[in-house]
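Hi,

Here's the structure I said I'd pass along. Have a look, and then read on for my notes.

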Amino acid sequence: MKVKMKVKTSNACSRGATQHIQPEVIVDKVALSMNMHPVQVIAVTSGKGGVGKTNIAVNLAIALADLGRRVMLMDADLALANIDVLLGLTPGQTLEEVISGDCDLADVLLDGPGGIRIVPAASGAQVMVQLSAAQHSGLIQAFSTISEDLDVLIIDTADGIGDSVVSFVRAAQEAIVVVCDEPTSIADAYALIKLLNREHGISRFRILANMVHTPQEGRNLFGKLTRISEQFLDVSLHYLGAVPYDESVRKAVQKQKAVFEAFPRSKSAQAFKAIAQKVDSWPLADSPRGHLEFFVERLVQRKAS
């Protein structure tokens, strides 16, 4: 029995290859039978840049791995990638080569701290800003070709409300919206939630306050966003928690390390540990939702079994 997936990639890294991600390839369910359990797919997004979204995604990934989960982290800022820089890694190939057909997705994976696997993107590649909807779809479905056994995929989206952000959040099961106690951060987070809710039917969002000075500041920030969102939108916002302002984060960035790894006893690292425990308790989806999703064939298999 086979499942049709709209993705086509080349079979090996070859700079001379001419194939591109495109529709209609068959993924054999037998080949994936050993890895068919569902994957928890979490998009970390923010609307506004500069709120620490990438740091959140990286440290959450490592904290989940510390709980024994098999975690993959995708840098979905396709043109201005920085996860590799943040962690002092040097990718050989990136998603730019996957899109062009020069590499399979599995060929670009990097080993990251704590045993996580990283999908690096390109930096300064204008062509990656201009990807079509079909190319976004092909990239999402390319994850179905990965043979590695996974528990969690974390997607670090780009800033703003562009097509790639919408595509990746919509294809995830959970959306974490990172906000800071700044009017522009709250306004941009609301704009993102509004777009995803009204145009794409997403109604559940997990809110994470970053760089707060007290726990109450985080809850107040959540309250501000909740009041405006529930007044005008049909959404359900859930408070995930807060990461405190911590100089250890800045020091870790200078070392090109995650704070969870560099300063495990710091206030922020302890916050990430608590947040990861909450995330780890979220239930897995039990069936497809009827639109493009990461690892959708595993949900199909789960529903059929």
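Below is what I found in it, starting with the whole chain and then going into the sheet and the helices.

First, a caveat: this is a predicted model. The chain has 11 helices and 10 strands, and 53% of its 305 residues are buried. If you take the contacts with a separation of 6 or more, 76% of them are between residues 24 or more positions apart. About 13300 Å² of the chain is exposed, with carbon and sulfur atoms supplying 50% of that.

Now the sheet. Eight strands form an open sheet with mixed pairing, in the order S5-S6-S4-S7-S3-S8-S9-S10. The edges are S5 (110–111) and S10, and each has a single partner strand, so one side of each has no neighbour in the sheet.

Two of the pairings are worth a look on screen. S4 (residues 71–76) and S6 (residues 117–119) pair in the parallel sense over three bridges, and there you'll find Leu73 opposite Ile118 in S6. S8 and S9 also run parallel, joined by four bridges, with Val179 opposite Ala209 in S9. As for S9 itself, seven of its nine residues are buried, so the rest of the structure largely encloses it.

On to what packs on the sheet. H1 lies across S3, S4, S7 (152–157), S8 (174–179), S9 and S10, and it runs at about 170° to S7. H5 (residues 163–170) packs on the sheet too, touching S3, S4, S7 and S8, and its direction makes about 150° with that of S3.

The helix I spent time on is H10 (residues 267–280). Its 14 residues reach 20 Å from the first C-alpha to the last, close to the 20 Å expected at 1.5 Å a residue. Which of its residues are buried? They are Ser268, Ala269, Ala271, Phe272, Ile275, Ala276 and Val279. Looking down the axis of H10, these buried residues fall within an arc of 155°, so they line one face of the helix. The spacing fits the usual rule: an α-helix has 3.6 residues a turn, so residues three or four places apart point the same way.

And what do the buried residues of H10 pack against? On the strand side, S3 (40–45), S9 (204–212) and S10 (236–244); on the helix side, H1 (53–66), H8 (247–254) and H9 (259–262).

Happy to go through any of this with you.

Cheers

Note on methods: Residues are numbered from 1 along each chain as its sequence is written. This is a predicted model: local features need pLDDT of at least 70, side-chain atom pairs count only at pLDDT 80 or more; totals for chains, interfaces and linings use all residues. Side-chain values use heavy atoms; hydrogens and water are left out. Helices (H or I, at least four residues) and strands (E, at least two) are DSSP runs, numbered from the N terminus. The expected span of a helix is 1.5 Å times one less than its number of residues. Buried means under 20% relative accessible area, exposed over 50%, partly exposed in between (1.4 Å probe, protein chains only). The arc is that of the directions from the helix axis to the C-beta atoms. Contact means heavy atoms within 4.5 Å. Two strands pair if DSSP finds at least two bridges between them. Axes are lines fitted to C-alpha atoms, for helices over the stretch in contact, and angles run from 0 to 180 degrees between N-to-C directions. Accessible areas come from the Shrake-Rupley method with a 1.4 Å probe; for residues, only the protein chains shown count as cover.
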